Amino acid sequence: MSDQSAEFSDEDFLASDYVLGTLDGAARLKAERRIRRDAAFAREVADWEERLSPMLAAVAPQEPPAGVWSEIEADLARMARLARAPAADVRQSVSVPRAGRQVSSFWQWFGLGSFGLLTASVLALFLVSRPLPQQAPLTASISTGSGPPLYTAVVYPDLRSATLVPVSVGSADPRHSHELWLIEAEGAPRSLGVLQAGGALRIDIPAELLATGGVLAITLEPAGGSPTGAPTGPVVGKGELQAI
Amino acid sequence: MLQDVYLTVWNKAERFDPGRASPITWLATIARNRSIDRRRAIGPRAFNRPVDEALDHPDGAPDALALLERHDESRQLQDCLGTLDERSRTAIVAAFFGGRTYDELASNEQVPLGTMKSVIRRGLIRLKGCLDR
């Protein structure tokens, strides 16, 4: 029976075996090195991940130790501070498309920031929350539409709070503030508060505002926030709240 | 481990392609890969008990298959798994959830290594043909 090993070559099945997880340590390392070097092989691996990953839907969420969320949040703030250093002014980032180099670096931040943080938040929710939220969290990518997102927001209806993680927000402009609004299907925009410059932001949201979801928008307002209670400045980014 | 997964997520975030996978699937893929790396680094014996205890079933397969039915995202995969012969299907699901090497799978089933490879790889070829249609 052992002659059946000749039926297929290990080499031809390296990608699928890697994804399936049947390689031993040495072969696995070899495959991981090849993923980095060989784009065609990396694509093959990605294709297999796409084929098999639906199985992961069968994995039940586990409750992790308490306190991990706050550690991750602290890490996020630290990393966001580091990431912000080379980023440009907010208004530049709003009118992105002209400078190609800038765009690509913004997209890089977008990638690093938005999804890293989004998934970190998802990870935290999926694995960390104690008690586990009864209601599914909502996320929004607050962007200019054509440009990169400014913030990634994760709203926790149960906890009546949202976490906003800056992605491509530039250095603070002391003359203006960013104000966050919730726009529901009906009614005037409701202010959720002025965004402080810094790392990840935790924002309290009144429970009644979360009943219907809606759109999160950020406007540029005079320092300290809108003087009228309604948006007065240009919208610098918005994004619809969506279930994860 | 969680922190490790998180850092991997962070470092690979720019490679996330929303057209290919949902964030949660992508995240779970990374978590799974890191878990396998760790299992390989520590060695099979150290993990045998916890892995077995973590799964209701010794190889995790039947429960995992039952759970798949509840998820739309996995409907096509489930349908295609259904077209495989039972031996291949069980081996593939057990391999995927158990994080076991061909060697371990073969000795669990008490078959030669080559046989285990053939059973799984034949199944993978059929699965690919079915899913890519």
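Author: In this text, helices (H or I, at least four residues) and strands (E, at least two) are DSSP runs, numbered from the N terminus. This is a predicted model, in which local features need pLDDT of at least 70, side-chain atom pairs count only at pLDDT 80 or more, and totals for chains, interfaces and linings use all residues. Residues are numbered from 1 along each chain as its sequence is written, chains are lettered from A and ligands numbered from 1 in the order in which they are written, and side-chain values use heavy atoms, without hydrogens and water.

Reader: Which residue just after α7(B) takes a positive phi?

Author: The residue lies in the loop between α7 and α8 of chain B. Its phi is near 55°, a positive value in a residue other than glycine. The residue just after α7(B) is B:Gln110.

Reader: Is B:Gln110 buried or exposed?

Author: Buried means under 20% relative accessible area, exposed over 50%, and partly exposed in between (1.4 Å probe, protein chains only). B:Gln110 has a relative accessible area of 74%, so this loop residue counts as exposed.

Reader: How many helices are there in chain B?

Author: Chain B has zero strands. From the N terminus on, its elements run α-α-α-α-α-α-α-α. Chain A, in contrast, has six helices and nine strands. For chain B the number of helices is eight.

Reader: What share of the accessible surface of chain B belongs to carbon and sulfur atoms?

Author: Areas come from the Shrake-Rupley method with a 1.4 Å probe, and for residues only the protein chains shown count as cover. In chain A, about 11,600 Å² is exposed, with 54% supplied by carbon and sulfur atoms. The accessible surface of chain B is about 6,800 Å², and the share of carbon and sulfur atoms is 49%.

Reader: What percentage of the residues in chain B is buried?

Author: In chain A, 50% of the 244 residues are buried. Chain B has 133 residues, and the buried ones make up 47%.

Reader: Which helix supplies the largest share of the largest nonpolar core?

Author: A nonpolar core is a set of buried Ala, Val, Leu, Ile, Met, Phe, Trp, Tyr and Cys residues joined through side-chain atoms within 4.5 Å. The largest one has 34 residues, and those touching the most other members are A:Leu20, A:Leu52, A:Met55, B:Ile92, B:Met116, B:Ile120 and B:Leu127. At least two core residues each come from α1 (14–20) and α3 (39–52) of chain A and from α5 (75–82), α6 (86–98), α7 (102–109) and α8 (113–131) of chain B. The largest share is seven residues, from α8(B).

Reader: At what angle do the axes of α6(B) and α8(B) cross?

Author: Axes are lines fitted to C-alpha atoms, for helices over the stretch in contact, and angles run from 0 to 180 degrees between N-to-C directions. Angles under 35 degrees count as roughly parallel, over 145 as roughly antiparallel, 65 to 115 as roughly perpendicular and the rest as oblique. These two helices are therefore roughly perpendicular to each other. Their axes come within 8 Å, and the crossing angle is roughly 95°.

Reader: How many nonpolar residues does the contact of α6(B) with α8(B) have?

Author: Contact means heavy atoms within 4.5 Å. α6(B) contributes B:Arg87, B:Ser88, B:Ala91, B:Ile92 and B:Ala95, and α8(B) contributes B:Thr115, B:Met116, B:Val119, B:Ile120, B:Gly123 and B:Leu124. By class (Ala, Val, Leu, Ile, Met, Phe, Trp, Tyr, Cys and Pro are nonpolar, Asp, Glu, Lys and Arg charged, and the others, Gly among them, polar), this contact has three polar residues, one charged residue, and a nonpolar count of seven.

Reader: What is the relative accessibility of B:Ala95?

Author: B:Ala95 is in helix α6 of chain B. Leaving aside residues up to four places away in sequence, B:Ala95 touches A:Leu20, A:Thr22, B:Arg32, B:Arg100, B:Leu105 and B:Ile120. B:Ala95 counts as buried because its relative accessibility is 0%.

Reader: How many charged residues are in the contact of α7(B) with α8(B)?

Author: α7(B) and α8(B) pack at about 105°, with axes 8 Å apart, and are therefore roughly perpendicular. B:Tyr102, B:Asp103, B:Leu105, B:Ala106 and B:Glu109 in α7(B) meet B:Leu113, B:Met116, B:Lys117, B:Ile120 and B:Arg121 in α8(B). Six of the contact residues are nonpolar and none polar, and the charged ones number four.
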